[in-house]
Amino acid sequence: MTAVVSDLRVPIVHLHIGGEARTSGSGGVHQHVYPATGEVQGPVPLAGPDDVDAAVRAAHAAYPQWRALRPAERARVLRRLGELMERDTAEIARLSVLDNGMSAAMSQPLVGIMANWTSYYAGWADKVEGRVTSFPANQRELAYSMPEPYGVVGIILTWNGPVVSVGMKLIPALAAGNTVVMKPSELTPYATEHLMGLVKEAGIPDGVVNLVLGGPQTGDALVRHPLVQKVSFTGGPATARKILAACAESLKPAVLELGGKSANVLFPDADLDTAVAVNTFSVLGTLAGQGCAIPSRMIVHNDIYDDVVERVLAIVGGMHCGDPFDPASVISPVVTREAQQRILAMIERAQADGAKLLTGGRAPSHLTNGFFVEPTVLGDVDPNSELGQIEVFGPVLSLMRFQTEEQAIEMANSTDYGLASYVYTKDIDRIQRMVSALQAGGVYVNGATPVTGCELAFGGIGISGYGREGGEEGLFEFLRTKAVGIGGNWA
């Protein structure tokens, strides 16, 4: 793995519409702030409705050419794009740090995930197949199904991991033959700016991938545009409800990957060395807890609870907040000052609700300019409290006790979310029971994790959304099936 160099230079950010890179937009300007220092890095042009309209129309104009391209040729250019991502891993990772303050140790693996997903879906581009059948009432009639792309797809990326969203959304949409208007958050403009250069270098025609930056107004204009045939969104349930309301006006389909309040259930026979280390690092060290599928609720059998607490605190004691480019820094800043204040207030309310603060709970005194929150662990959390029910999206780990398997299942399933659940046990019968009983889009046992593998479908239930990303299911989110029947005398 190549080291990610501490370099605070940022590229000029553009709106990419057709073959044009625009340095200004009708939506105004956002001044990007580096979360590690609180300093302004540079202007970000915001797309207004006119810019969104131009981008959608460019994608609409490019669609016939892209759809008509031989699938093997689409596969070739997408493979080339994956190779370019690998070539520029260090630079994309550097820009990802500057985007949202994630640690350099985290940014490089995320770029690797994007490149892997790109290579994976490039392999699917020439393997989209229908099914030949016949109508039972008339064996002389030829009948078959034909998967077709939607046309223009609107993609709204998450700010916490935009490069991963590129692999999960943009690439399968392109592999299926769609053209795209992609909207990253104005909070994270830099890595996707570099990506647009790679799209052109890979040989993807102008207009096939367009990029508009902006906040809610930009997203609303994209979702409502009549030429956008489907929407793919990653974010929170509140925004998703607004997107669905807009989609409902034209009965437009959407795929939604939303938040999570994932549980990790530890039984007495668990490999605690692995279970505690993986859980603690994944919650506190993954993007400072700003991850949708992280196991932020550690549900621990009462017989091992004290042991687990001791192990967790020993690990957290070695987790340092600091410069994201410093290899010694494990805890990166959160994305904005507002996010920092919201998380600290939630920690205070959790203590008022009876949770025990075991460590952390403050902003580090030596990092006052950045948006840091100490790695925080709270014990004996009430499963029905705010902290037990609501996604924190910060470096906060909640510990809860259980005595019976039934209690653990009830606690794990007690929230409205349903993105992921985790289990640690050596009992294969218990594993099978838990996999069936846990209400989540994915269940991951004894160290297995979502997203890192592109072959396995990822998505949620409940307010964690619907639709799937990854695997064949992720490709078919961007295809719709046409039925064809041809009558005649085939004897």
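1. Start with the domains: in this predicted model, the assignment splits the chain into domain 1 (15-259 + 465-483) and domain 2 (263-445). Their C-alpha centres sit 31 Å apart.

2. Now for how the two domains meet. On the domain 1 side, 24 residues are in contact with 24 residues of domain 2. Together the domains bury about 1800 Å² between them, and carbon and sulfur atoms give 69% of that. If you want names to look at, try Pro35, Trp159 and Gly259: these supply 27% of the area that domain 1 buries against domain 2, more than any other three residues. As for salt bridges between domain 1 and domain 2, the count is zero.

3. Next, have a look at Ala263, which belongs to strand β12 (residues 263-266). Ala263 counts as buried because its relative accessibility is 1%, and the cut-off for buried is under 20%. Setting aside neighbours within four places in sequence, Ala263 touches Arg297, Ile299, Ala412, Ala420, Ser421 and Tyr422. Met411 is worth checking too: Ala263 and Met411 are 148 residues apart in sequence, yet 8.4 Å apart in space, C-alpha to C-alpha.

4. Over to the surface. Val132, Leu142 and Ile486 make up a nonpolar patch there, with about 240 Å² of accessible area together. Leu142 is part of strand β6 (residues 142-149). Is Leu142 buried or exposed? Neither, quite: Leu142 is partly exposed, because its relative accessible area is 31%, and that class lies between the 20% and 50% cut-offs.

Conventions
Residues numbered from 1 in each chain as written. Predicted model: local features only at pLDDT ≥ 70, side-chain atom pairs only at ≥ 80, totals over all residues. Heavy atoms only, no water. Patch = residues over 30% accessible without salt bridge, like charges linked within 9 Å, V, L, I, M, F, W, Y side chains within 5 Å. Areas by Shrake-Rupley, 256 points an atom, 1.4 Å probe, with all protein chains shown as cover. Salt bridge = Lys/Arg side-chain N within 4 Å of Asp/Glu carboxyl O. Helix = DSSP H or I, 4+ residues; strand = E, 2+ residues; numbered from the N terminus. Buried < 20%, exposed > 50% of the residue type's maximum accessible area, 1.4 Å probe, protein only. Contact = heavy atoms within 4.5 Å. Domains from an automatic or database assignment. Buried area = accessible area lost by both parts, 1.4 Å probe.
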